[in-house]
Structures are given as C-alpha cells and as structure tokens.
Amino acid sequence: MLRYLIILLPLSTLLAEEPDPAIHELRETISKITDTQSLESKEKLDWEARKNEISALLELHQRELTLISEELEKAGSSAPSHEEETAKLESEINELKEIRKLTSEAVARNVPRTLSLTKRFPSPLITEIEPELATLNDWKPSDEPRDALRSILTILAKAEQFNRRFTRTTEVIDNREVHILYLGLAQAFYTDRKEKSGIGLPGKDAWSWESDPEIRSALVTAFETIDKKRPPTMVTLPLQIK
C-alpha cells in the first residue's frame, strides 16, 4: 500500500499570496489522494463482502452435497434389488436363529439324558469317552450348543462301536483284579487267577457283578483262545438279555 506525506501550509500564507501553480498542483494532489483512499476503502469493503459471500456459498454447497448423499443413500436403500437382498438376508438370519434355538433346546434336553445313559456304560467305554463327558458336565444351556452336540454324537458313535465287538480288559472288582470279557453292552464275564468267576450285567446306575463259579472252566478256555494259547474251540456261556 502506498503511503503519502501531506504538508499543509498555513491558511494565512495562502490567502496573502496570489495563487501559485505549485499550490494548485498540491491541491490537485490532495484531492487525488482523498479519492484514492476512498476507493481503496471501498475496494476493501467490497472484498470483505465478497469473501463472506464466497464462504456462505461454500457452506451452502457443502450442505447440498450432504443432502445429495443422504438422498442417494435413501434411494439406494429403497431400490427394489436392495429391498429383495435385504429381505433375503433377514430371512436367512431368522432361519439360522430358529435352527440355533431348536438345536439349543434339543441339546439342553439330551445332555442330562446322555449323562444318565453313560452310567450304564462299562468301565473301558467310560475311559474312551472321558473328554466328551467332561464337556457335557461343564455345559450350560446358555452356552453354544455346538460342542455339547458334538460330544453327544461322539458318545453315541463310540457306544455303538463298543456294542459291536468283544472287549477284553483287566479291572478291579470287590478289591481283586479280574479278567473281563465284554459282549458289547449286553453282558460280561469275569474270572480271576484263583477260582472266582461270574457274570456282569448293566444296571441303571452301574454294572452289577454276580458270582458264578460254574463258568470258570469255559472262561479260562475262552481267554486262552483269545490269547492264542490254544486252537480255536467252542465254549458255552450263559447269556441274559434284558
């Protein structure tokens, strides 16, 4: 910005003398300076007004962009394809929720049933399903049904496999070690190294063992055959199916 130095002469001096060309030029200069300052002030005011106007336009433009974005979003959500896709997803979610609910209810009913059923399992089968039993004992209805359901199915599968085969084990009955031959889940026979022998039957809460000395000879033959200590031979053992 240009700055001007204005020198004003005493009015008495100006009046006492005849007009001088230099004075006239000074007056013209003062007039021009005044006009320039007025113009400069006006331009400054115009710029401020213009700047405010531009700011207002920018704000309005931003608001318009926001409104357009909102309208586009509304338009997209109201489009037929969007509605169909949304309805399809909601239907699938509701279906999955219903399946999960039914699964949880089924698991909640069958966990105690399965645990009760395992009380009838023989000792070697209980050993096989220990991880699954731990899962069911810790499971609560508020938990996810997946692990409990898997454990139930695994227990049933292992029980079915056990029921299809003969299983020979060594256990302790009445404080003595005995050899046991399980015929699936139906019945078992036991004998010790002395003259004890008997029959095992599944009960409601556990297996029961009944002494039967008369079967010892046949059992010894059966165990020796299993151990390949003698050729295969036929043995007769009592069988009770309950």
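**Helix α7 and its surroundings in a predicted model**

Threonine 221 has its place in helix α7, and this helix makes a good starting point for a walk through the structure. The model is a predicted one. With a relative accessible area of 14%, threonine 221 is buried, because buried means under 20%. Beyond residues up to four places away in sequence, threonine 221 touches Arg230, Thr233 and Val235.

Threonine 221 has company inside α7: Arg216, Ala218, Leu219, Ala222 and Phe223 are among the buried residues of this helix. What do the buried residues of α7 pack against? They pack against the strands β1 (166–173), β2 (176–183), β3 (187–191) and β4 (197–202).

The loop leading into this helix is worth a look as well. Aspartate 212 is found there, between β5 (207–211) and α7 (216–226). Is aspartate 212 buried or exposed? Its relative accessibility is 18%, so aspartate 212 counts as buried. Once its neighbours within four places in sequence are set aside, aspartate 212 is in contact with Ser197, Gly198, Ile199 and Pro238. For one of these residues, glycine 198, the C-alpha atom is 4.2 Å from that of aspartate 212, although their positions lie 14 residues apart along the chain.

At the other end of the helix, lysine 228 comes just after α7 and takes a positive phi of about 60°. Two salt bridges can also be followed in this region. In one of them, glutamate 224 pairs with arginine 230, and the closest N and O atoms are 2.8 Å apart. Both partners count as partly exposed, glutamate 224 at 26% relative accessibility and arginine 230 at 35%. Arginine 230 has already appeared above, as a residue touched by threonine 221. In the other salt bridge, aspartate 227 is joined to arginine 168, with 2.2 Å between the closest N and O atoms. This pair links distant parts of the chain, since aspartate 227 lies in the segment after α7 and arginine 168 in strand β1, 59 residues apart. Here too the partners are partly exposed, with a relative accessible area of 34% for aspartate 227 and 32% for arginine 168.

Salt bridges are found elsewhere too, and the structure holds ten of them. Glutamate 128 forms one with arginine 165, the closest N and O atoms lying 3.0 Å apart. Glutamate 128 belongs to helix α4 (residues 123–128) and arginine 165 to the loop between α6 (145–163) and β1, so the pair ties together parts that are 37 residues apart in sequence. Glutamate 128 is partly exposed at 31%, and arginine 165 is partly exposed at 31%. Arg146, Asp147 and Arg150, in turn, are linked in a network of salt bridges.

Charge also gathers on the surface. Glu84, Glu85, Glu92 and Glu95 form a patch of negative charge there. Glutamate 92 is found in helix α3 (residues 80–118) and is partly exposed, with a relative accessible area of 37%.

Finally, the view can widen to the whole chain. How many helices and strands does the chain have? There are seven helices and five strands, and from the N terminus on they run α-α-α-α-α-α-β-β-β-β-β-α. Of the 242 residues, 22% count as buried. Among contacts with a separation of 6 or more, 38% join residues 24 or more positions apart. The accessible surface comes to about 18,300 Å², and carbon and sulfur atoms account for 55% of it.

Definitions and conventions
Residues numbered from 1 in each chain as written. Predicted model: local features only at pLDDT ≥ 70, side-chain atom pairs only at ≥ 80, totals over all residues. Heavy atoms only, no water. Helix = DSSP H or I, 4+ residues; strand = E, 2+ residues; numbered from the N terminus. Buried < 20%, exposed > 50% of the residue type's maximum accessible area, 1.4 Å probe, protein only. Contact = heavy atoms within 4.5 Å. Patch = residues over 30% accessible without salt bridge, like charges linked within 9 Å, V, L, I, M, F, W, Y side chains within 5 Å. Areas by Shrake-Rupley, 256 points an atom, 1.4 Å probe, with all protein chains shown as cover. Salt bridge = Lys/Arg side-chain N within 4 Å of Asp/Glu carboxyl O. Lys, Arg positive; Asp, Glu negative; His and termini not counted. Charge placed at Lys NZ, Arg CZ, Asp CG, Glu CD.
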